[in-house]
Amino acid sequence: MSEAPIVVHRPSPSGGRRVTVHAQGRDEILGTAYSDHDLVVFLEAAGILDPDRVIDDPTWVEWRGGRAHQWDAA
């Protein structure tokens, strides 16, 4: 399992990817992202500074079940 606190889960059959953040010993769902822009908005709302930079940093974000930045249906 990754140590990255943010997980972008596999693309859903209808498109989009669930985004979770691990904080204070638990996972919290931030929402379903349909684009990099959605992901950045979620991370800003979660208090991540400079989210445009962290989305490609594997110490911050783990992309599961698909390529990074892939948002279409599975």
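**Helix 1 and the sheet it packs on**

The buried residues of helix 1 are Leu-39, Val-40, Phe-42 and Leu-43. Seen down the helix axis, these buried residues fall within an arc of 160°, so they line one face of helix 1. An α-helix has 3.6 residues a turn, so residues three or four places apart point the same way. On the other side of helix 1, His-37 and Ala-45 are exposed. The model described here is a predicted one.

What lies over the buried face? The cover of the buried residues of helix 1 includes strand 1, strand 2, strand 3, strand 4 and helix 2, which spans residues 51-54. After helix 1 comes Gly-47. The phi of Gly-47 is positive, near 90°.

Now turn to the sheet. It is open and has 4 strands, in the order 3-2-1-4. Its pairing is mixed. Strand 3 (26-33) and strand 4 (61-63) are the edge strands, and each pairs on one side only. On average, neighbouring strands of this sheet are turned by 20° against each other, direction ignored. Helix 1, residues 36-45, packs on the sheet. The helix touches strand 1, strand 2 (17-23), strand 3 and strand 4. The direction of helix 1 makes about 145° with that of strand 3.

Next, the pairings that make the sheet mixed. Strands of a sheet pair through backbone hydrogen bonds, either parallel or antiparallel. In which sense do strand 2 and strand 3 pair? They pair in the antiparallel sense, over 7 bridges. One residue to find here is His-22, whose bridge partner in strand 3 is Asp-27. Strand 2 and strand 3 also form a hairpin, with 2 residues between them. Gln-24 sits in the turn and has a positive phi of about 55°.

Strand 1 and strand 4 pair in the parallel sense. Strand 1 covers residues 6-11, and 3 bridges join it to strand 4. Val-7 stands opposite Glu-62 of strand 4.

Finally, look at the aromatic rings. How many aromatic pairs does the structure hold? It holds 1. The partners are Trp-63 and Trp-71. A pair of aromatic rings is described by the distance of the centres and the angle of the planes. For Trp-63 and Trp-71, the centres are 5.6 Å apart and the planes make 70°. The pair is edge-to-face. Both Trp-63 and Trp-71 are buried.

Methods: Residues are numbered from 1 along each chain as its sequence is written. This is a predicted model: local features need pLDDT of at least 70, side-chain atom pairs count only at pLDDT 80 or more; totals for chains, interfaces and linings use all residues. Side-chain values use heavy atoms; hydrogens and water are left out. Two strands pair if DSSP finds at least two bridges between them. Axes are lines fitted to C-alpha atoms, for helices over the stretch in contact, and angles run from 0 to 180 degrees between N-to-C directions. Contact means heavy atoms within 4.5 Å. Buried means under 20% relative accessible area, exposed over 50%, partly exposed in between (1.4 Å probe, protein chains only). The arc is that of the directions from the helix axis to the C-beta atoms. Rings of Phe, Tyr and Trp (its six-membered ring) pair if their centres lie within 6.5 Å; planes under 30 degrees apart count as stacked, over 60 as edge-to-face and the rest as tilted.
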